[in-house]
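Please look over the structure below. A short report on it comes after.

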Amino acid sequence: MDFQKILYNVQEKIAFITLNTPKNLNSFDDVMLDEIVSVLHNADENNEVKVIVLNSSSPAFSGGGDVRAMYEGVKSNNLDFNTSIEKMASVSLTMKQISKPVITSVSGAVAGAGFNVALAADFIIASEDAFFVQSFVNIGLIPDAGGIFLLSRAVGVNKATELVMTGKPVSASQGKELGFVSNIVPTEELETATNKLAKSLAYGPSLAYAEIKKLVFESDFKGFEEYVKQEVKSQVACSETADFVEGISAFAEKRKPKFN
């Protein structure tokens, strides 16, 4: 299969999905989101695949949504935010609903929707230089890709509220203390550590893993589908405000926003 924004290959029972637009920090757009969802389903339906790894071809995992593209869309009055947010939510929801274990292997910036996609995995392996940030408030938006739902379950509602309202970055070590990072390794050992975990899962009891994921979803994530519907409505409402226009304009112009 040929893809524009990702790489995909299967080796030794492991499906590797690699974000591959380093020039814009692997920012998510509709094409990339469609490709990720497609290969997640492909990997889940492939009997040869036992575990899925989501990683990056560059030092940064993802900067989240493509803010410059949003800015251009607003200027040209051609921003279809509803579709993009639905697709963003679909990635996280798919990762939670598929039967096979998912590992996100991250380094550098894990920002915005990139943070929330990482949270949707069953394991996060982070390099020492990784940092996580819910950067949405800086452009007048709310977390998408299931962010509040996922983060509140990972760190508790009070800490999640603090992180999404302040946009304060979290280091890899802080992420491990908060409980959402599974393991931290030196940057040069990230691939090795990720593959070690993936191989251990690939030769484990697949049916048990599938049933565990099913029960985890049933116990903690059953309301996720309804949540993301409201998330889309809330994000679209934010995207129609002057604060959003000011936020992305300030980002493009490299200045501090002045929200109303």
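The report goes through the basis of the model, its salt bridges, a charged patch, one helix and some backbone details.

## Basis of the model

This is a predicted model, in which local features need pLDDT of at least 70 and side-chain atom pairs count only at pLDDT 80 or more, while totals for chains, interfaces and linings use all residues. Residues are numbered from 1 along each chain as its sequence is written, and side-chain values use heavy atoms, with hydrogens and water left out.

Helices (DSSP runs of H or I, at least four residues) and strands (runs of E, at least two) are numbered from the N terminus. Exposure has three classes: buried is under 20% relative accessible area, exposed is over 50%, and partly exposed is in between, with a 1.4 Å probe and protein chains only.

## Salt bridges

A salt bridge here is a side-chain nitrogen of Lys or Arg within 4 Å of a carboxyl oxygen of Asp or Glu. By this rule the count comes to 10 salt bridges. One of them joins Lys5 and Asp29, with the closest N and O atoms 2.3 Å apart. This pair links distant parts of the chain: Lys5 sits in the segment before β1 (6-11), and Asp29 in the loop between β2 and α1, 24 residues apart. Asp29 has a relative accessible area of 25%, so it is partly exposed.

Another salt bridge pairs Glu162 with Lys159, at 3.3 Å from N to O. The two are 3 residues apart in helix α6 (residues 157-166), so about one helical turn separates them. Glu162 is partly exposed at 28% relative accessibility, and Lys159 is partly exposed at 27%. A network of salt bridges links Lys159, Glu162 and Lys168.

Helix α9 holds a salt bridge between Glu211 and Lys214. Its N to O distance is 3.2 Å. Again the partners are 3 residues apart, about one helical turn. An α-helix has 3.6 residues a turn, so residues three or four places apart point the same way. Glu211 is partly exposed, at 32%.

## A negative patch

Glu128, Asp129, Glu188 and Glu189 form a negative surface patch. Patch residues have over 30% relative accessible area and no salt bridge, and like charges are joined within 9 Å. Asp and Glu count as negative. Each charge is placed at CG of Asp or CD of Glu. Accessible areas come from the Shrake-Rupley method with a 1.4 Å probe.

Where is Glu128 found? Glu128 lies in the loop between β6 (123-127) and β7 (131-133). Its relative accessibility is 55%, so Glu128 counts as exposed.

## Helix α3

Helix α3 covers residues 81-97. At 1.5 Å a residue, its 17 residues should span 24 Å, and its end C-alpha atoms are 24 Å apart, which agrees. The expected span is 1.5 Å times one less than the number of residues. Buried residues in α3 include Phe81, Ile85, Met88 and Val91.

## Backbone and distance

Most residues other than glycine have a negative phi. Leu25 has a positive phi of about 60°. It lies in the loop between β2 (14-19) and α1 (30-45). Leu25 is partly exposed, at 42%. Lys254 also has a positive phi, near 55°. Its place is the segment after α11 (242-252). Lys254 is exposed, at 72%.

Leu215 belongs to helix α9 (residues 206-220). It is exposed, at 56%. From Leu215 to Asn20 the C-alpha distance is 33 Å, with their positions 195 residues apart in sequence.

Definitions and conventions: Patch = residues over 30% accessible without salt bridge, like charges linked within 9 Å, V, L, I, M, F, W, Y side chains within 5 Å.
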